[in-house]
Amino acid sequence: MTELKKQLEFYFSNQNYHKDTYLRTTCEENDGIAIEKILKFKKLQPCNYSEEDVRKALAESKIVKINGDKLTKAEDKSYGEYVTRKHCDYTVVIEGLDKELSLEEIETELCKYFEPKLIRMMRNGKKKFLGVVKVELESVEEVERVVKLEIPVFGKKVVDGEEEQKGVVNGLQDDMRATKDTNEVAGDKEKDEEKKDDEGKNDEKRKKDEEDVNKMNGKNEMVQAEAGATKMKKEEKSVKKVKKNILKIYTEEDYRKIKGPKDNASEKRDEYLTKNKDKLYKFVSCKEWTIKDMKEIVKDVIFVDLEKKVLRFKEPPEQEKMKINDELEIMRMEQKECQEYAKGINFSDKKKRRKRSAR
């Protein structure tokens with residue numbers, strides 16, 4: 001029941017409730033969301049929880065309120081404060097993550113360093129994770145602390161890379177030891193041979209030969225020392241590269257400045273198309289509709305664009321084309337149509353987006 005409570009309270013947390021348009025509008029228009037409906041949400045459906053399980057899990061919840069057979073967000077002044085605050089001041093952007101990681105794996109690792117309130121994985125138009133997450137935190141002070149952290153890159157690929165790096169360093173060290181041993185043996189043999197050759201010669205020549213040998217050995221030692229120093233520098237650089245392999249953490253405002261407005265808008269457009277794949281429909285009708293009337297007659301519609309004659313559903317409908325009644329017919333938009341429609345959305349200006357959405 002602990003996991004069920006945790007997931008339900010996440011749905012109704014300030015951070016998620018504010019951004020989950022479907023959940024929020026459903027609760028506002030129907031005095032809550034049916035327990036039966038919320039149990040069909042992606043995270044809960046595979047668990048086969050019952051309505052009774054939900055009631056037991058939320059019996060002492062201060063975030064979610066049970067209202068008959070529905071759930072609502074418990075009244076809390078903090079939500080009003082949350083909605084009106086500048087959200088980018090409470091958000092950090094983390095870049096350089098392993099693109100094979102899941103949301104759960106990212107959350108588990110980040111929780112070792114701080115407490116994320118909401119994590120959003122940034123994806124492209126093909127739903128592929130870009131290795132970037134936006135993380136909402138509790139306070140501005142927490143943001144200031146987190147951007148100063150040095151969090152090592154984590155994930156399977158990173159571990160494999162580090163093992164390979166260690167193997168290279170160890171191999172270099174073994175080669176150096178073997179070279180040193182070989183040179184020492186060769187040096188000993190040379191000395192023995194020189195001693196035999198010097199037998200019977202006078203002291204003056206022996207001294208001269210010894211001086212020559214010492215000079216040669218000195219040169220060899222210098223060469224070996226230089227070679228060893230070069231290899232050690234390479235090893236140190238390799239180790240430093242591993243140590244410097246940390247995640248890049250920015251405030252959301254700084255990240256926008258680095259990426260630039262065009263890149264940021266393009267990223268949001270890709271995210272929008274990914275999130276709404278197969279959810280955008282165009283409608284054909286001669287009747288003048290209002291948003292309220294459209295939502296009442298077409299089930300599960302969460303957004304109505306009367307000007308462009310576009311509907312957006314919470315989940316992709318099974319049918320690509322539907323005749324609602326004699327006055328209304330809807331059909332799923334093709335990929336190119338969705339892309340053209342997304343181009344008309346000004347993702348870089350929130351005020352304009354709100355005006356367009358309110359029509």
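This is a short tour of the strands in the chain, stop by stop.

Before you click, note that the model is predicted, so local features need pLDDT of at least 70 and side-chain atom pairs count only at pLDDT 80 or more, while totals for chains, interfaces and linings use all residues. Residues are numbered from 1 along each chain as its sequence is written, and side-chain values use heavy atoms, with hydrogens and water left out.

**Whole chain**

Start with everything selected and colour by secondary structure: there are 15 helices and 12 strands. These are DSSP runs numbered from the N terminus, with helices being H or I of at least four residues and strands E of at least two. Buried residues account for 35% of the 359 in the chain; buried means under 20% relative accessible area, exposed over 50%, and partly exposed in between, with a 1.4 Å probe and protein chains only. The accessible surface comes to about 23,900 Å², and 48% of that belongs to carbon and sulfur atoms (Shrake-Rupley method, 1.4 Å probe; for residues, only the protein chains shown count as cover). Of the contacts between residues at least 6 apart in sequence, 67% join residues at least 24 apart; a contact is heavy atoms within 4.5 Å.

**Stop one: E1, E3 and E2**

Select 33–34, 64–67 and 70–73. Three strands make an open sheet here, ordered E1-E3-E2, with antiparallel pairing. E1 and E2 are the edge strands, each pairing on one side only. Two strands count as paired if DSSP finds at least two bridges between them; E2 and E3 have four. Zoom in on Asn-67 and you'll find its bridge partner in E3, Lys-70.

**Stop two: E4 and its partners**

Now select 91–95, which is strand E4. Four of its five residues are buried. Add 129–136 to show E6, which pairs with E4 in the antiparallel sense over five bridges. Then add 248–251 for E7, also antiparallel to E4, this time over four bridges. Val-93 is a handy residue to centre on: its bridge partner in E6 is Lys-134, and in E7 it is Tyr-250.

**Stop three: E12 and its partners**

Finish with 328–332, strand E12, where four of the five residues are buried. Bring in E8 (280–284), joined to E12 by four antiparallel bridges; Tyr-281 stands opposite Arg-332. Next show E11 (321–325), which pairs antiparallel with E12 over four bridges. Lys-321 in this pairing stands opposite Met-331. A hairpin of two residues takes you from E11 to E12.
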